[in-house]
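Here's a set of exercises to work through with the model open in your viewer. Try each task yourself before reading its solution.

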Amino acid sequence: MPFSIPFKAHFPSSSLTSFHPSLLYKMTSIATLSPPPPQLPTLPQTLPLSLIKTCKSMAQLKQIHSHSIRTGLVCKPIVPAQIIAFCCKQEAGDMEYARMVFDAMPEPNIVVWNNMIKGYSRVGCPDSSVSMYCEMLERGMMPDEYTYPFLLKRFTQDMAEKCGRELHDHIVKLGFSSNVFVQNALIHLYSLSGKVSVARGVFDRSSKSDVVTWNVMISGYNRSKQFDESMKLFDEMERMRVVPSSVTIVSVLSACSKLKDLNVGKRVHRYVKDLKIEPDRVLENALIDMYAACGEMDIAVGIFDNMKSRDVISWTAIVAGFTNSGQVDLARKYFDKMPERDFVSWTAMIDGYLQANRFKEVLTLFREMQAANIKPDEFTMVSILTACAHLGALELGEWIKAYIEKNKIKIDSYVGNALMDMYFNCGNVEKALRVFNAMPHWDKISWTAVIFGLAINGYGEEALDMFSEMLRASITPDEVTYIGVLCACTHSGMVDKGKKFFARMTTQHGIEPNVAHYGCIVDLLGRAGHLKEAHQVIKNMPVKPNSIVWGSLLGACRVHRDEDMAEMAAQKILELEPENGAVYVLLCNIYAACKKWEKLHEVRKLMMERGIKKTPGCSLIEMNGSVHEFVAGDQVHPQSKDIYSKLDEMAVDLKFAGYSPDTSEVFLDIGEEEKESAVYRHSEKLAIAFGLISSGPGVTIRIVKNLRMCVDCHYVAKLVSKVYNREVIVRDRTRFHHFRHGSCSCSDFW
């Protein structure tokens, strides 16, 4: 709804000629309340205006004001005008006092009105600025070319959207549209409201002779993340021989940083030297940020070391530069040396650990951040929730959610999606859907996240229902959404539906399948036992299959024990990735299952010759807010004795329920008893035992496994859920397994 601003073709003059007596009495009372400051000299009978100009505080100003009232000098318009100017322009000024003095003036001139508007803008009250502008029009005062720059300077996006168009109409009607200061204000206004093309229209109609005009337009493009346009405009600026200022340099360096354009960044740096621009801290920070973003950390550190003074932004740019280049430990050294840290620097370091998959350190650093009483923002929260999602740390994730609500941290779609993803990755589908349904707005990322989350948790039909709802909501899916849809079909064994969706990608939405989509189809067909058809899809792919596509076929060969096709798929993967240890292990598992011991020994020998090591199985479990890690045969945990005691007890209980160890995937040609001992000590079994002794009856046990869950551990988890009446949720490398009452959500299809 447009903002209504009164506008009159004629501006009648005011008939007021004197101060209102009640206002004069109020002013006298307030002005005399403040005790005289010791540094104030004895005031003369005739007040020199220079005394107001040299005033240092409101206390002094009130004394001067009180004197002017007692001596009658306040009746001279110049005196209240100067008092208002101090309140509006000086850092120590008080806008409430300015308004009181203003209300007592019979006929404030345009300078006074402009100062009031400027004052409200200075203190970040654009609503009050607009109200003052409206009042000015209602009282018949004509704006001038200074009114609009003051008025528009501190507009928020909301105010720009609400009344920007109408104010522009006023500017045109009053004939100020060609004034360079007004043009700059309009460019800023439209950039702020997201109407960058309109801002560009104003820019194109300007004389372009003022460097400030170029700066405002470049900043507008940066604000709307159109960094390429910023660079094009800078090129045009160079062609027109407009000399850039330090503000120009900083804005263009910011665009270079976002685009990682080192060549232009270096060219801009040369401007600093050629134009002999004295680099201040803002400019030096921009240079550090640009070089760090482009991976030139030696140059960035060189500038940093030569700075006369550094602030938190300087340090944060270096920390972020090292984290982005993968040098997390070096980043931490600089982080620890920082004399002061704000939430941005903490978040930069947290993100560094997140990018390096060092999720435990993310949580540790967040606890340190809290201990330092630094309040995080929504970006910090997203990073923490992402770490919780990777670790399967539901309890901590729940605490983070409560923290967000308690501290009123903004829950936008970015945070909402991260919260939903955390719940899905911890296997709590119900709460993930609750977050989704509570979100005020669903973007494409939200829909895709919920489809993916349902798919990996085994809710294939529900995922497809969500996809249908997404289409009904007129949200166009992209290639990522379709990967989620195909995963839903894969994890639920819906072969025919998967084929139909694969075809609809192109026919209905014009999306050409990429290698990831073909990988999903190969996985879908392979899991269903259609190995030859899956192989045919690979052979007919218009793009070169990668190791993931061949890996999907190899995984299907393991399930269906197709030795010959497994050898072919493994060979293809090793041609692409000779050091891929998972391929050797999977091939060994297949040979072990088929009892092809000679071939198994050949692969083992090849692994030793090539120095290939099997990735050790690792399982994570969260208990009471702490994440515990187990590897196969682990005996370093403080409660190892109790854990193995519980394992022995479980072995007895599960045998009564019909358990017999499945050693088909043990690729060692050893005795059966030794094989049983090997599977007995797998990491997920240790984690399950720990979960049973560390939590009360009925509490869900949640485990994250770095590798695919073996057949025996899968069988044990099913029996544990039945014998101990516990829900066990395991997230392995490929999917979720929800074990309830002796069954698994994957229907033994993984």
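**Exercise 1. Two lysine and arginine loops**

Task: find the loop that holds K408, and decide whether K408 is buried or exposed.

Solution. Start with the position: K408 is in the loop between α23 (394-406) and α24. Helices here are DSSP runs of H or I with at least four residues, strands are E runs of at least two, and both are numbered from the N terminus. Next, accessibility: K408 has a relative accessible area of 75%, so K408 is exposed. The scale calls a residue buried under 20% relative accessible area, exposed over 50% and partly exposed in between, with a 1.4 Å probe and protein chains only. Last, the backbone: phi of K408 is positive, near 55°, and K408 isn't a glycine.

Now repeat the steps for R241. R241 lies in the loop between α13 (227-239) and α14 (246-259). Its relative accessibility is 75%, so R241 is exposed. Phi of R241 is positive too, near 60°, in a residue other than glycine.

Before going on, a word on the ground rules: this is a predicted model, where local features need pLDDT of at least 70 and side-chain atom pairs count only at pLDDT 80 or more, while totals for chains, interfaces and linings use all residues. Residues are numbered from 1 along each chain as its sequence is written, and side-chain values use heavy atoms, leaving out hydrogens and water.

**Exercise 2. Two helix pairs**

Task: work out how α24 runs relative to α25.

Solution. First get the geometry: the axes of α24 (residues 413-425) and α25 (residues 429-438) come within 7 Å and cross at roughly 165°. That makes the two helices roughly antiparallel. The cut-offs are under 35 degrees for roughly parallel, over 145 for roughly antiparallel, 65 to 115 for roughly perpendicular, and oblique for the rest. Axes are lines fitted to C-alpha atoms, for helices over the stretch in contact, and angles run from 0 to 180 degrees between N-to-C directions. Then check the interface: G416, L419, M420, Y423 and F424 in α24 meet V429, K431, A432, L433, V435 and F436 in α25. Contact means heavy atoms within 4.5 Å.

For α18 (residues 312-324) and α20 (residues 343-355), the angle is about 5° and the axes are 9 Å apart. These helices are therefore roughly parallel. Among the α18 residues that meet α20 are V312, T316 and V319.

**Exercise 3. The nonpolar cores**

Task: which residues have the most contacts inside the largest nonpolar core?

Solution. Begin with the definition: a nonpolar core is a set of buried Ala, Val, Leu, Ile, Met, Phe, Trp, Tyr and Cys residues joined through side-chain atoms within 4.5 Å. The largest has 206 residues, and F155 and L553 have the most contacts inside it. Helix α34 (residues 581-593) gives the most to this core, with nine residues. Another core, of 30 residues, lies apart from it and includes M650, A689, M709 and L719. Now zoom in on L553: beyond four places in sequence, L553 touches V522, L531, A534, H535, I538, M565, M568 and A569.

**Exercise 4. Buried hydroxyls**

Task: what do the side chains of T147 and S721 reach?

Solution. Take T147 first, which sits in helix α8 (residues 147-152). T147 has a relative accessible area of 0% and is buried. Its side chain makes a polar contact of 2.7 Å with the side chain of N114, and reaches the backbone nitrogen of D144 at 3.0 Å. A polar contact is a pair of N or O atoms within 3.5 Å; within protein, one must be able to donate a hydrogen and the other to accept it, and residues adjacent in sequence count only if both atoms are side-chain atoms. Leaving out residues up to four places away, T147 touches I110, N114, I117, Y133 and M136.

Next, S721 in helix α39 (residues 711-723). S721 is buried at 1% relative accessibility. Its side chain reaches the backbone oxygen of K718 at 2.6 Å. Beyond four places in sequence, the residues S721 touches include R726, F739 and H741.
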